[in-house]
Every structure is written in C-alpha cells, then in structure tokens.
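Reader: Hello! I am new to this structure and would love a close look at how its cysteines and aromatic rings are placed. Could you walk me through that part, and then show me how it fits into the rest?

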Protein chains: 2
Amino acid sequence: MTSQEPQQASRSRARSLDAHLSRYAARTAGMTASEIRALFSVASRPEVVSLAGGMPNLSALPMESLAGEVARLVADEGQVAFQYGSAQGVPELREQITEVMALEGISAHPDDVVVTVGSQMALDTVTRIFCDPGDVVLAEAPSYVGALGSFTAYQAEVVHVAMDEAGLIPEALRAALDSVQAAGRRVKFLYTIPNFHNPAGVTLAVSRRAEVLDICARHGVLVIEDNPYGLLGFDDQIYPALRSMDAENVVYLGSFSKTFASGLRVGWALAPHAVREKLVLASESATLCPPTFNQFLVSRYLSTHDWKGQVKKYREVYRERRDAMLSALEQHLPDGCTWTRPDGGFYVWLTVPEGIDTKAMLPRAITQRVAYVSGTAFHANGFGSRQMRLSFCYPTPERIQEGVRRLGGVLQDELELLATFGSVPQRPRLGADSPGPDTA
Amino acid sequence: MTSQEPQQASRSRARSLDAHLSRYAARTAGMTASEIRALFSVASRPEVVSLAGGMPNLSALPMESLAGEVARLVADEGQVAFQYGSAQGVPELREQITEVMALEGISAHPDDVVVTVGSQMALDTVTRIFCDPGDVVLAEAPSYVGALGSFTAYQAEVVHVAMDEAGLIPEALRAALDSVQAAGRRVKFLYTIPNFHNPAGVTLAVSRRAEVLDICARHGVLVIEDNPYGLLGFDDQIYPALRSMDAENVVYLGSFSKTFASGLRVGWALAPHAVREKLVLASESATLCPPTFNQFLVSRYLSTHDWKGQVKKYREVYRERRDAMLSALEQHLPDGCTWTRPDGGFYVWLTVPEGIDTKAMLPRAITQRVAYVSGTAFHANGFGSRQMRLSFCYPTPERIQEGVRRLGGVLQDELELLATFGSVPQRPRLGADSPGPDTA
C-alpha cells in the first residue's frame, strides 16, 4: 500500500463509507457541523452581504506599530517566546488580565487566572471538569452556538431559560431550576452572557444581577459568566461583572478576541482557587500549554500600546455599524418584524412575522445575496425558527444598509407568498425542514 | 460582597476546602498533577542540572531573520493573520504539511490534515472522538506522559505493551490484544511512538512495522502514530512512517514543536477522511480554530527559510548532547545500570540496579543538584520505579556531563546504603512511596 494508486482507491472508499463508524465514542454521535460553519462557503462570496459571521473588525488595528512590536519580541525574547510555557499561562499576562478585569469591578489574584486558547477553550475546559453525560446545563434562550457545541460534546443536556429586553428573567431561572431539580436531574451550572449578548443583543439589567446570583447560590448551581463583549459598550458604559459580586460561585471567562485580535486565540478563565487547579490540569492534557508566543505578544501590546484607546476605537467602529443597521431595519423591514436594540457588542436579534421560517428562507436570502444565521442555531431544542441573528461587526455601514435592504425584499416576498398561499412553498431540495416548536 | 475584605476571606476558605468538590465530573477525579509538573519548580533552579524536561533547544534558531519575517507577516497580512480562521487550519499550511510528511514516505491530501494546538491537542481530540469511559487503549511500556494524561482524562484504561531495543514487540502486542479482547473489553487503538521514543529512546525496527500494522488491522484496532521526533535522526536517517504503509488504519500525529518552535503550538493530525471530519468538529468545539497568526508564521517560515537546513542544525545540536550523555553514563554510572542508546530524539531510558527506587531517590538527587523524571511517570500502572528518563535536549554538553556525574554519585550512595542496610532508608516526609510492581 505504499504506491499512490491503492491509496487513492482507498480514499474514495473512505469517503463513501466510514470504515471507523463503529469505533467512535458515544459523544461523537452528537457532533454535527454547526449551521454557521455550513454557511461559510456561500456566505463568504464577495457578492453576498454577510450579516452572518461574528468576525471582529480589525481595520482599526495599528498594523505598522504592531509589526515593530512583534519583531522586537522575537529579537529580545525569542528564546523564551518560542519555547513551551506553563499550562496556566505566562505570569505577567495573568497579572495584566487582572487589571483588565478590574475595569468591571473584579478584584482577583493572578494565581486564579488560567490562560486558554481563546475563551472557547475555557468554555470547553469548564464543561470538561464539571459535566458528566446527562448533567443539565442552563443557558439563555437563545445562547452562544459555540457553547452549545461544547455542552453537546460532553453529552450535557441544555435547558434554555427565557430572556427579555433586560436579559435573563430571574423568575424563569427560578422556575427552570425548580423544575429540573424536581425531576431529579442534576444542574451543573448556569451559562450566561450578561453583556451585549450573543446572539440576542441584550444586556442583563444591573438590578437583576444580584438576584440571578442569589437564585443560583440557593440552588447550589455554579455560574459561568462569559463576557467577551463587556468593554464594547457604545455609550462607554461598563457593567459590573457578576464575578465582582460573587467570587465564590462564579467562573468568569474573558477574551482578547474582540478587544485586540481574535487570530491570536488568547482568552482566559478566572475561577475559585480549587476550581482553577482542576482547570489547569484539564488544560494541560488538552494542549500542554497555550501558545507562549501569543501570550508574550498580548502582554507586550497591553504594556506598550494604548490598548484602552484601541478599545474605544473599536467601540466607535461598532457603534457606527449598529446605527447603520438599526436605521436600515426601520427603513426596509416589513411590518410585523421586531428586533433588539443593542447598546454594545456585535449583534441584533430579529423576530419575523408568524409563518416565516428563517432556516427555510435562508437559501432564498442567499440567492438575493444576503446571509444571516437562523435562530435555530442558537437553541439546543429546535426553537428559534422565527428568529435570526444579524451581525453588524464586520461589513461597512454601506454594505449593512444594502444587506438589510435585500433582507427586507426577501421578507416582503415571503409575506406575499404567505398571503397568497397561506404558507410559504418549500423547496425541499435546498434542505427546508419543518418549523421549530415556537412557530407551530 | 463587593469590597476587598470578604473576597480575601472567602479566598482563604476556598484554598483550605474545595466548595465545588461535589460538582466535578467523574473524569475530573482522575486528573492529578503529573510528576513532571510537580518537579518543575525545584528542577528549574539554576544550580540544579535538569535532565528532566523535554524542552527543545532553540539556540540554533535564526532570531534576527525570524524577527524580520514576523514583522512582514503583520504588515502584509495582519488583517487575515489576526482574524479567526477555519477549524481545520490554513489551507496553504496544510499543503506544506503534506510536503513535510512526504519525507517519511507519506502520500496525503491536504484535505485530510487537521491543524491543532500542538500535537497534544491532536492526541486529546483523537481520544475525545474515539474513547468512551472504560475503553482500552494500548500503549508502549513506557509511554509519553502527556498521552497517558489525555487517556485518563477521557477515562480510558491503558494496557501497556512491552518494548525491547527494537521497539514494540509484535508478539507482546498480539498477546495483549488477544487477552484484552478475550476478557470482552473493547480496544479502541494502539498509541505508538515509532521513532526515537519518548521516553524510551528506542526506534521500532523497520522489519517490525508491517507486522505491527497487520496485527492491529486483524484485531480491528486503529493505530495512532505519534511522530514528533521523526526528522531528528542523528545519522540523517528517516524511517518510513507507519502511515506510509497503511492509509486506512493509521491516524498520524505531527508537530513543528521539535523541528521549529514549540511555543507556537502548531501540530497536526492526518486521518482517514471520515475520521478527519469528526476531528474537525471536535476541534471546533475545543478552540473554534487554532491560532491563525501562528499558522501563517509557520507557513512563511517553511516557504522563506531553509527549514530542512534548520532541522539538520537541530540534529547536530542533539547528536552532540546525546554523545555527551552516553560517554558520561559510561564514565560515571555504577555497575548494574543499563541504558538505551538513541539514534535520534531527546531521551535516554536508564534502568538502575534492583533495590533502588528512582521515585524515592529523586529528592536526594535534587539535593545533589541533578533532576530526572522517574519511570513511574510513564506508566499508567505504577511500574517503572527502577527506571528513569534522562533528557539530553536542553543543557549544554558540559552541564550534561556534570549532571550525570552527580547522578552517578547519588546512585553510588544508594548502592552503599543498600549494601549496608539491605534497603535504602526512606524519608517519608519527602513523599517516598512503596516500590512499583517491577521492583517487588
């Protein structure tokens, strides 16, 4: 089997039938391509306005100055920066991370910080140390698609908790906990994005924060606070982190992906000390250590650049785009659509009139050269087919205007079909499926 | 709870008692600090000659030229290199990786390559998709400590298979498979390091390779081939990869940590196509994507630098150190010690006379300012207490000489105590434990 030919033959065999199918772990059955990933190839064609991706807008980064900084890093500290480091992360960076978190009222010790490969790895590692198969995890409805992926990978069951314009609803949280625990199920944690929610675009009211913490503490449930967007408030407001109000029962996840550069994959977890020890062990078996070079680069960036000024620039970039999107939505969307009005972050959450299925409509939208992510991607239970996430982070304001204009046309067409036929004719070959439970 | 004081109080409480103990997943119970990690703080004191760590020697890297390259990367491609990428990895790098593997006789398609955060992440991800709790994994005795950590994290059970100077013994492999399968247990894969083994320093004889593959195929067991050292053969020899002989039943793991720079954490897996799809999904839920910046940097390095010349330099660096270690072992170790003679890689595996426990001896060695890793770290079953791993990769030849001289003195002292008292007196407060099964 060393020649080219038999390998090619066996390759095509492998493509048509997975010879390893019987070997996979039970958890692997739940791993399926996310709707977002399946979209990428079509949505990234230049003629399509993509309101789908969550890529940060890096146009405001000072590339020239960064090029000099990274060259100095290699020249001055290459022997250490190119070498293995500790699983917990570079001490100087962990110290700086506590200073970043201090902006949100968090008082923390660098020894309780674990640097991770983006905050996705923090999320994965937290799930790894806490979740046995069948454990229940609470998450907002809707919730971050990457978190749902990690929960599924560890065979945890997600129970969604309703939100309104002021974020997670305490009464709904209490009811969900009572009902799951009454059923004899074990809830391991509440996963929440309090600020500028992905995908919902709402923020947990400050007046609700203590209550959410109190409910979780009383029910013996840990809180995982995911806060990648916290410094991106458009009115320069910074909300107090849940972790600033409860150091014992909150694991805080942070990231430099939105405040500096996502391609470096530098995030972190801040955890109670005993949990931190477990996180480091889990992290070590996952990657040995996060990339030393990237940690040194972020550390230098924080100490030599006006990083707070850069975050302010990012806020302006995103505020301008948010404004463009909100005014385009007012102008172009048909009656019966409602949407959230984010005061930070990357996303607007749109609800369309009853009868329209956003997942089924997506191929038609892409034909009209606009892409979004259907709300079903952000639910573990099939809900969300009357919703969609619109991202305003990456395209120019002009492209956003144009994209929303196209979306308005697509929705108008759907409504006309609906009025004529009583339902929108489906094109099964493009993968339309039955509506989710909340449109039924 | 927002003031400084109560947080400090609660911190010290958390240190003394883990309030979250009842919340961890079952797998977390098996996560304990590796012996190597526990050693780091003492072994890294400057007066100690550390023969313990496996850090590559980066002194031969062309830092000035790399500084220029990395600056050009930021200036030319910063907008993409600092941005999220695909979970599978940068296409151009995957293409180049197939060229690297071609040196070992592997014919592969870039589409079957998954870039990971070091090959540790490839190992973790492979285990994630294949191993249910209780599944059996075969590994050489001894085996790589990081692999054992990943297997434990997924609650797989490791069954060791004996090696000799020519690597894994086919007859022992056959016997292990028969016996585990006869007991009704499911073996998911054989994990093997065929070239310049960590920690054993031996290489699987070319004449055994087809037989090992055949045994695994007949028993329906996948082969995970871990090959970080394959290009570091001291006589410029490159052995044919197992993957070059069987494209269907081998998942190959590679790394730039030893041929370029470990602190970038760029490794990869090459897998049969259907398995590759699962690896990408698992990898996406673990980190979203490997660091784009690091992939671009490695890709540029491969295309603009004489990377094969650099690998040749590394080989010279390590050959010189291997020679220093072997001659020092001849000169300084007492009778009754035996060791492997690696023709590549980083490690010598030393067996000491009966009655000496390398784990119990370690504190006395560190007092004598030399550090190593006890053989028990490389076994999942408590074996290895008459062995130790000696790394020659990092210190200078002079330091290696001095370290081995000190080690010889420590062993001589142990032998004298043994002759006088019939056993070596233990100092329980330093954590000496009972000897492993192979000294009993």
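**Cysteines, rings and two chains**

Author: Happy to! A search of the whole structure, which is a predicted model, turns up zero disulfides over all chains. Take Cys131(A) as an example: it takes part in no disulfide, and the nearest cysteine sulfur, which belongs to Cys216(A), is 14 Å away. A disulfide needs its two sulfur atoms within 2.5 Å, so a pair at that distance does not qualify. Cys131(A) is also buried, because its relative accessibility is 0% and the limit for that word is under 20%. Over in chain B, Cys337(B) has a relative accessible area of 10%, so this cysteine counts as buried too.

Now to the rings. A pair of aromatic rings is described by the distance of the centres and the angle of the planes. Counting over all chains gives 31 aromatic pairs. One of them joins Phe82(A) and Phe293(A), with 5.1 Å from centre to centre and 10° between the planes, and this pair is stacked. The two partners come from distant parts of the chain, 211 residues apart. Phe82(A) sits in the loop between helix H3 (63-81) and helix H4 (91-102) of chain A, while Phe293(A) belongs to helix H11 (residues 292-304) of chain A. Are these two rings buried or exposed? Phe82(A) is buried, because its relative accessible area is 1%, and Phe293(A) is buried because its relative accessibility is 0%.

For another stacked pair, turn to Tyr314(B) and Tyr318(B), whose centres are 6.1 Å apart with 10° between the planes. These two tyrosines are four residues apart in helix H13 (residues 307-332) of chain B, so about one helical turn separates them. Both Tyr314(B) and Tyr318(B) are buried.

Phe82(A) and Phe293(A) also take part in a wider group. Ring pairs link them with Phe260(A), Tyr301(A), Phe82(B), Phe260(B), Phe293(B) and Tyr301(B) into a cluster. Charges meet rings here as well: Lys278(A) lies over the face of Tyr24(B), 5.5 Å from the ring centre. With the chain letters exchanged, the charged end of Lys278(B) sits over the ring of Tyr24(A), at 5.5 Å from its centre.

How are the two chains related? Chain B is superposed on chain A by a rotation of 180° with 0.0 Å of shift along its axis, at an RMSD of 0.0 Å. The two copies are therefore related as by a two-fold rotation axis. Among the residues of chain B, Ala71(B) comes closest to that axis, with its C-alpha at 2.7 Å. Both copies use the same surface, as 100% of the contact residues of chain B recur in chain A.

Let me finish with a polar side chain. Gln237(B) lies in the loop between strand S7 (222-226) and helix H9 (242-245) of chain B. At 17% relative accessibility, Gln237(B) is under the 20% limit and so counts as buried. A polar atom of the Gln237(B) side chain lies 2.9 Å from the backbone nitrogen of Asp235(B). The side chains of Gln237(B) and Asp343(B) are joined by a polar contact of 3.1 Å. Setting aside neighbours within four places in sequence, Gln237(B) is in contact with Phe196(B), Gly230(B) and Asp343(B).

Key. Residues are numbered from 1 along each chain as its sequence is written. Chains are lettered from A and ligands numbered from 1 in the order in which they are written. This is a predicted model: local features need pLDDT of at least 70, side-chain atom pairs count only at pLDDT 80 or more; totals for chains, interfaces and linings use all residues. Side-chain values use heavy atoms; hydrogens and water are left out. Buried means under 20% relative accessible area, exposed over 50%, partly exposed in between (1.4 Å probe, protein chains only). A polar contact is a pair of N or O atoms within 3.5 Å; within protein, one must be able to donate a hydrogen and the other to accept it, and residues adjacent in sequence count only if both atoms are side-chain atoms. Contact means heavy atoms within 4.5 Å. Rings of Phe, Tyr and Trp (its six-membered ring) pair if their centres lie within 6.5 Å; planes under 30 degrees apart count as stacked, over 60 as edge-to-face and the rest as tilted. A charge sits over a ring if NZ of Lys or CZ of Arg is within 6 Å of the ring centre and within 35 degrees of the ring normal. Copies are superposed by least squares on the C-alpha atoms of residues with pLDDT of at least 70 in both.
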